[in-house]
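Reader: I am new to this structure and would be grateful for a close look at a single part of it. Please place that part within the whole before turning to its details.

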Amino acid sequence: MIVVLGAAVWSRGRPSPTLDRRVRRGLELFRAGEADRLLFTGGLGRHPPAEAEVMRRIALDEGIDTSRIEVESASRNTMENAVNSAKIMTDRGWNSAVLVSDRIHLPRAALVFRSLGIKVRVRGVSGAWSQGPFRRWWHYPLYEMAAFFWYLGLIVTGRHRSEPGGSPH
């Protein structure tokens, strides 16, 4: 199972560059045989449709058979991506995944998936957060560090299994 984490959808249902890079990395890994199924995860943001639906559309346009695609389109943040994806996976008897997201985002995402009993290997996407020096060197690293420790606190207290929302994206 390759789990591709969502990112913004732009107006008229266009994938943001980050979303496009993530889904294309997932497709590359799928075609290379890293797994035989894809799970796209991400709900409705500012613009419809849901992130997972946009990724599904790209995969279908690229010739991926619909029977190889799973969609989780209710999540609003990384925590919900993991909780909702883990439920789908455990319901189907799957306990491992190749996790695809931005490199800077993967430690936090993998932390949550692992806390839910999913064995993950991470595969990062390059260049998905290089929108100028401020964002590259300050905003994203500081945000991810703070979010990592926020998620760690939720995991230690067990709240990540029962509380929707209220956490960083």
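Author: The protein chain exposes about 8,500 Å², and carbon and sulfur atoms supply 55% of that area. The model is a predicted one. Of the 169 residues in the protein chain, 47% are buried. The secondary structure comes to five helices and seven strands, and from the N terminus on the elements follow the order β-β-β-α-β-α-β-α-β-α-β-α. Among contacts between residues at least 6 apart in sequence, 65% join residues at least 24 apart.

The part chosen for the close look is helix α1, together with the loops on either side. The loop between β3 (14-15) and α1 (17-31) holds Ser 16. Is Ser 16 buried or exposed? Ser 16 counts as buried because its relative accessibility is 5%, and the cut-off for a buried residue is under 20%. A polar atom of the side chain of Ser 16 lies 2.8 Å from the backbone oxygen of Ala 8. When neighbours within four places in sequence are left aside, Ser 16 is in contact with Ala 7, Ala 8, Val 9 and Trp 10. Ala 8 therefore appears both in that set of contacts and as the residue whose backbone oxygen faces the side chain of Ser 16, with Ser 16 itself buried at 5%.

The helix itself comes next. At 1.5 Å a residue, the 15 residues of α1 should span 21 Å, and the C-alpha atoms at its ends are 21 Å apart, so the expectation and the model agree. The buried residues of α1 are Thr 18, Leu 19, Arg 22, Val 23, Gly 26, Leu 27, Leu 29 and Phe 30. Leu 29 also belongs to a core of 22 residues, separate from another core, which includes Ile 2, Ala 7 and Ala 59 as well. Ala 7, one of the contacts of Ser 16, is thus named in this core together with Leu 29 of the helix. In soluble globular proteins, nonpolar side chains tend to be buried together.

Charged pairs also occur along the helix. A search of the whole structure finds twelve salt bridges. In one of them, Arg 24 pairs with Asp 20, and their closest N and O atoms are 3.1 Å apart. Both residues lie in α1, four residues apart, or about one turn of the helix. An α-helix has 3.6 residues a turn, so residues three or four places apart point the same way. Neither partner counts as buried, because the relative accessible area of Arg 24 is 36% and that of Asp 20 is 22%, while buried means under 20%. Asp 20 and Arg 24 also take part in a wider network of salt bridges, in which they are linked with Arg 31 and Glu 62.

A further pair in α1 is formed by Arg 25 and Glu 28, whose side chains meet in a salt bridge at 2.7 Å, N to O. Arg 25 and Glu 28 are separated by about one helical turn, because they are three residues apart in α1. Glu 28 counts as partly exposed, since its relative accessibility is 46%. Side chains of opposite charge can pair when their charged atoms come close.

Beyond the helix, the chain passes into the loop that leads on to β4. Just after α1, Gly 33 takes a positive phi of about 85°. Arg 37 has its place in the loop between α1 and β4 (38-41). Arg 37 counts as buried because its relative accessibility is 16%, and the limit for a buried residue is under 20%. The side chain of Arg 37 reaches the backbone oxygen of Ser 67 at 3.0 Å. With neighbours up to four places away in sequence set aside, the contacts of Arg 37 are Met 1, Ile 2, Phe 30, Ser 67, Arg 68, Glu 70 and Trp 94. Two of these names lead back to what came before: Phe 30 is one of the buried residues of α1, and Ile 2 is a member of the core that includes Leu 29.

Taken together, α1 has a set of buried residues, among them Leu 27, Leu 29 and Phe 30, and it carries salt bridges between Arg 24 and Asp 20 and between Arg 25 and Glu 28. The loop before α1 holds Ser 16, and the loop after α1 holds Arg 37.

Definitions and conventions
Residues numbered from 1 in each chain as written. Predicted model: local features only at pLDDT ≥ 70, side-chain atom pairs only at ≥ 80, totals over all residues. Heavy atoms only, no water. Helix = DSSP H or I, 4+ residues; strand = E, 2+ residues; numbered from the N terminus. Buried < 20%, exposed > 50% of the residue type's maximum accessible area, 1.4 Å probe, protein only. Polar contact = N/O pair within 3.5 Å; in protein donor to acceptor, adjacent residues only side chain to side chain. Contact = heavy atoms within 4.5 Å. Core = buried A, V, L, I, M, F, W, Y, C linked by side-chain atoms within 4.5 Å. Salt bridge = Lys/Arg side-chain N within 4 Å of Asp/Glu carboxyl O. Expected span 1.5 Å × (residues − 1). Areas by Shrake-Rupley, 256 points an atom, 1.4 Å probe, with all protein chains shown as cover.
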